[in-house]
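Student: Could you take one part of this model and go through it with me slowly? I'd like to see how it leads on to whatever comes next.

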Amino acid sequence: MPGTHRTPVSPLPRPGISAQDFTDPFTRRLLLNEGSTTELLERRGRCRLGLRVVEQTLAPLHLRDRRLLDMLGVTPRTPCLVRRTELVSPEGTAVSRNLVIGRLPRSDEVTQVVTHHSVALGRSVIVRGIPQRRTLLSTGLSTWHGAGRTVPAVSRGYLLHLDDEAPLYVAETFHPAVAPPWRRGTGPAAPVSAVHTVPAVVTTALGRAS
């Protein structure tokens with residue numbers, strides 16, 4: 001993994017919105033899920049999701065939100081894993097986009113899990129029986145880019161503790177056809193036409209959006 005990458009953006013979802021403020025039951029369940037995101041999405045869509053590694057490198061973190069450095073136990077000069085992946089439908093459409101950052105694990109087995117190029121992190125942790133816990137830090141709205149437009153998308157960030165390793169920070173953003181971003185008392189988070197103009201393969205492979 002080359003060491004020249006820098007990530008200047010804060011991965012924390014902004015603004016913070018309580019999971020209970022979203023109207024869709026699956027969206028709320030997804031945001032509060034303490035287990036494997038991959039397994040929950042697969043049960044939702046009744047299909048097996050694949051992994052697409054978009055970027056993976058080892059480099060110091062350059063974050064706007066320095067709270068994360070303290071949470072991860074690193075300094076701005078500490079070489080850290082920066083991993084961007086997508087969970088994709090059998091047809092290759094992205095269902096979620098994920099960022100994992102943090103100190104590279106000491107254990108070779110855990111390192112293999114968090115850097116694997118074909119097996120999603122959550123699935124690999126379960127298969128290998130690695131102890132884990134997740135500390136939810138934030139839920140809110142991010143953006144989803146695709147098909148020539150940008151629309152609101154539900155996002156969450158949490159600390160992932162694997163065995164006795166230093167925590168990793170995970171940020172997940174979900175396709176709005178899978179996790180609708182509608183909020184209580186505010187109306188749609190975006191025009192209905194904008195969120196519903198998504199590839200048909202997403203709603204076909206992963207069930208209805210609401």
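Tutor: Start with Arg 44, which lies over the face of Phe 26 at 4.4 Å from the ring centre. Keep in mind that you're looking at a predicted model. There's another arrangement of this kind to look up: the charged end of Arg 97 sits over the ring of Trp 144, 3.9 Å from its centre. If you go hunting for aromatic pairs, though, you'll come back with 0.

Now move along the chain to Arg 46, in the loop between helix H2 (37-45) and E1. Arg 46 isn't a glycine, yet its phi is positive, about 55°. Is Arg 46 buried or exposed? With a relative accessible area of 76%, Arg 46 is exposed, because anything over 50% counts that way.

That loop hands us on to the sheet. Six strands make up an open sheet, and reading across you get E1-E2-E3-E6-E5-E4, with antiparallel pairing. Strand E1 (50-60) and strand E4 (132-146) are the edges; each has a single partner strand, so one side of each has no neighbour in the sheet. From one strand to the next, the twist averages 15°. E1's link to strand E2 (residues 79-88) is made of 10 bridges, with the two running antiparallel. To see one for yourself, find Leu 58, whose bridge partner in E2 is Leu 81.

Next, the helices on the sheet. Helix H4 (residues 108-115) lies across E1, E2, strand E5 (149-162) and strand E6 (168-174), at about 45° to E2. At the N-terminal end of H4, Ser 107 acts as a cap, with a side-chain oxygen 3.2 Å from the backbone nitrogen of Glu 109. Buried residues in H4 are Val 110, Thr 111, Val 113, Val 114 and Thr 115. A handy rule for reading a list like that: an α-helix has 3.6 residues a turn, so residues three or four places apart point the same way. H4's buried residues pack against E1, E2, H5, E5 and E6. As for helix H5 (residues 121-128), you'll find it lying across strand E3 (94-102), E4 and E5, at about 155° to E4.

One last stop, in the loop between E5 and E6: Asp 163. Asp 163 also has a positive phi of about 55° without being a glycine. Here the relative accessibility is 48%, so Asp 163 counts as partly exposed.

Conventions: Residues numbered from 1 in each chain as written. Predicted model: local features only at pLDDT ≥ 70, side-chain atom pairs only at ≥ 80, totals over all residues. Heavy atoms only, no water. Pairing = 2+ DSSP bridges. Helix = DSSP H or I, 4+ residues; strand = E, 2+ residues; numbered from the N terminus. Axes fitted to C-alpha atoms, helices over the stretch in contact; angles between N-to-C directions. Contact = heavy atoms within 4.5 Å. Buried < 20%, exposed > 50% of the residue type's maximum accessible area, 1.4 Å probe, protein only. Polar contact = N/O pair within 3.5 Å; in protein donor to acceptor, adjacent residues only side chain to side chain. Phe/Tyr/Trp six-rings, centres within 6.5 Å; stacked < 30°, edge-to-face > 60°. Lys NZ or Arg CZ within 6 Å of the ring centre and 35° of its normal.
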